[in-house]
Amino acid sequence: MNTKQVDSLVNYAMSKFNVAGCAVAVVKDGKVIHNKGYGVKSIITKEPVNKHTQFAIASNSKAFTTAALAILVEEGKITWLDKVKDHIPEFRMYNQYVEDNFNIQDLVTHRSGLGLGMGDLMFFPDGADFKMEDLLSSFQYFKPESAFRTKWDYDNLLYLVAGELIARKSGMTWEEFITKNILKPLNMDNSYASLADIKDTSNLAASHTVENGNIRVIPTFKEMMNGAAGGIFSNADDISQWMLLQLNKGKYGDSLNKQLFTEKSHREMWRIHTVMSTDPNPRYNSHFAGYGLGWFLSDVKGNMKVEHTGGLPGMLSNTVMIPDLNLGVVILTNTSDDGAGLFSAVANAITDDYLGLDNFNWVDKYANYFTQRSTGNDDFTKKVWDEVAAADASQIKQKNFIGFYRDNWFGKAEVFKKEGQLWIRFLRSPKLNGELQYYKENIFAVKWEYQDMNADAFVTFALDKKGKAQGIKIKGISPNIDFSFDFQDLDLQRVKE
């Protein structure tokens, strides 16, 4: 696919998805053959995206973390199978066997036994006050959903632990280590390991979200405890160098005479560590799928495929490589959720072309899917709020619900009265607060003041025989709620003030 064809594809995708801007780069046979921005950095400023425009790459940062670990392995400071407790004595898990045997690779392979997105509420939404010591002790309070090392369930928190391990073994922060050992050697001069590192934000893309078909700017997601799970800001031009490094098995430079990590480390990162289910799509004749160290691995038409996506509020990214074809594609977008449709359609269309497959009209297929999903989601949530508006709350005795409730890892929540209405707030996550609106039985619905992502929720109270609330369970209303709002992991019990 030549650069004019990529232009045509991306411009068509931009017309079908409600996305403010994006940047796309393609590398093939050791060269950057396409590298360009589309749309605008912000619908307010209308300034165009270019190949150096910075986007949050979110979970595409995870492969930088595993590369950092590989560097430490090669320096002899750790081994991949070192026990985490040997380097971080405060690390706690949900049972003694898992805690004693949890190794460094377990941190980055999503096989802990804990459920999807467990504990992400510590930093979704941003602005909570949790520290690393809270994180390291939190895992003991979660209930496992599968046996240790038997099932893949995506998580972010254990990557943050990996970031802490990198800091302790290197004597510098994760951000400093990534900058010194990866970004600078690769001349990724417009990439940053954290938002705070960007002193000149003039070419930083703004985050956007789409609500009821309307696109709006939202605040840039603030820092986590460290950036190991999703903290890097980069651009199409710099990620091209990252993909070339990966496709060259750790070597870089004009004559590939420099080496960031060894081929042995590269094989370890691109080896399946956690088996996943395969997509039976006959179009690709796939036989295996799994997670390596910071990468999803599969096969398409007899070719290995290496990829990862990333998502933060208003920022979505996709990196795809087919090493057998010496091909890499990156798409960076600044809009939720349509950005995911765009990056999926564009990546699939480009890789399909190089695989010699027919035109599958990926853009139209994803556009139709996202339209149907959005309509179904909107219809469901509208029905809930219509029922809330019609509900009779006259029999509710507010005093039976007012008070403090505590979860072992997330801390206290308060139910209180504000201007005659019940409200709930979480003391450690100030953006999680909102009015409790009666729904039915002992269930309320809360529309959080935080609306950068759709996280509105059902709040169900457990009542004693006298009708007084003793506990709280929370569940998202939207069927498409982001998994990082893991309200289901909370077990709030009433406590004395």
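Contact here means heavy atoms within 4.5 Å. The views below are taken from a predicted model.

**View 1. Surroundings of Gly-117 in the loop between helix 5 and helix 6.**
Not counting residues up to four places away in sequence, Gly-117 touches Tyr-154, Phe-483 and Asp-486. Gly-117 has a relative accessible area of 0%; under 20% counts as buried, so this glycine is buried. Val-320 lies 203 residues from Gly-117 along the chain, and the C-alpha atoms of the two are separated by 23 Å.

**View 2. An open sheet of eight strands.**
The strands follow the order 2-1-14-13-12-11-10-9, with antiparallel pairing. The edges are strand 2 (31-39) and strand 9 (274-275); each has a single partner strand, so one side of each is left without a neighbour in the sheet. Helix 1 (residues 3-16) packs on this sheet and touches strand 1 and strand 2. The direction of helix 1 makes about 30° with that of strand 2. Helix 11 (residues 338-354) lies across strand 1, strand 2, strand 12 (303-312), strand 13 (315-322) and strand 14. Relative to strand 14, helix 11 runs at about 165°.

**View 3. Strand 1 and its two pairings, with strand 14 and with strand 2.**
Seven bridges join strand 1 (residues 21-28) to strand 14 (residues 327-333) in the antiparallel sense. In this pairing Ala-25 stands opposite Val-330 of strand 14. Strand 1 also pairs with strand 2 in the antiparallel sense, over eight bridges. Here Gly-21 is placed opposite Gly-39 of strand 2. The two strands make a hairpin with two residues between them. Asp-29, in the turn, has a positive phi of about 55°.

**View 4. Helix 2 (residues 62-74) and its burial.**
Helix 2 has 13 residues and spans 19 Å from its first C-alpha to its last, close to the 18 Å expected at 1.5 Å a residue. Of the 13 residues, 11 are buried, so helix 2 is largely enclosed by the rest of the structure. Among the buried residues are Lys-62, Phe-64, Thr-65, Thr-66, Leu-69 and Ile-71. Gly-76 follows helix 2 and has a positive phi, near 80°.

**View 5. Trp-242 in the largest nonpolar core.**
This core holds 120 residues, and Phe-139 and Trp-242 touch the most other members. Leaving aside neighbours within four places in sequence, Trp-242 is in contact with Ala-63, Phe-64 and Ala-67, as well as with Ile-182, Leu-186, Met-188 and Trp-295. Ala-63, Phe-64 and Ala-67 are among the buried residues of helix 2. A second, separate core has 31 residues, including Val-24, Tyr-284, Ile-331 and Ile-350.

**View 6. The salt bridge between Asp-364 and Lys-16.**
The closest N and O atoms of this pair are 3.9 Å apart. Asp-364 lies in helix 12 (residues 362-390) and Lys-16 in helix 1, so the salt bridge ties together parts that are 348 residues apart in sequence. Asp-364 is partly exposed at 25% relative accessibility. Lys-16, with a relative accessible area of 40%, is also partly exposed. The count of salt bridges in the model comes to 27.

**View 7. The salt bridge between Lys-85 and Glu-99.**
The side chains meet at 2.7 Å, N to O. Lys-85 belongs to helix 3 (residues 84-87) and Glu-99 to helix 4 (residues 96-101), 14 residues apart. At 25% relative accessibility Lys-85 counts as partly exposed, whereas Glu-99 is buried, with a relative accessible area of 5%. Salt bridges that share partners join Lys-85, Arg-92 and Glu-99 into one network.

**View 8. The salt bridge between Asp-126 and Lys-431.**
The N to O distance between these side chains is 2.6 Å. The pair links distant parts of the chain, 305 residues apart. Asp-126 is in the loop between helix 5 (104-107) and helix 6 (132-138), the loop that also holds Gly-117. Lys-431 is in the loop between strand 18 (421-426) and strand 19 (433-440). Asp-126 counts as buried at 6% relative accessibility, and Lys-431 as partly exposed at 30%.

Notes:
Residues numbered from 1 in each chain as written. Predicted model: local features only at pLDDT ≥ 70, side-chain atom pairs only at ≥ 80, totals over all residues. Heavy atoms only, no water. Pairing = 2+ DSSP bridges. Helix = DSSP H or I, 4+ residues; strand = E, 2+ residues; numbered from the N terminus. Axes fitted to C-alpha atoms, helices over the stretch in contact; angles between N-to-C directions. Expected span 1.5 Å × (residues − 1). Buried < 20%, exposed > 50% of the residue type's maximum accessible area, 1.4 Å probe, protein only. Salt bridge = Lys/Arg side-chain N within 4 Å of Asp/Glu carboxyl O. Core = buried A, V, L, I, M, F, W, Y, C linked by side-chain atoms within 4.5 Å.
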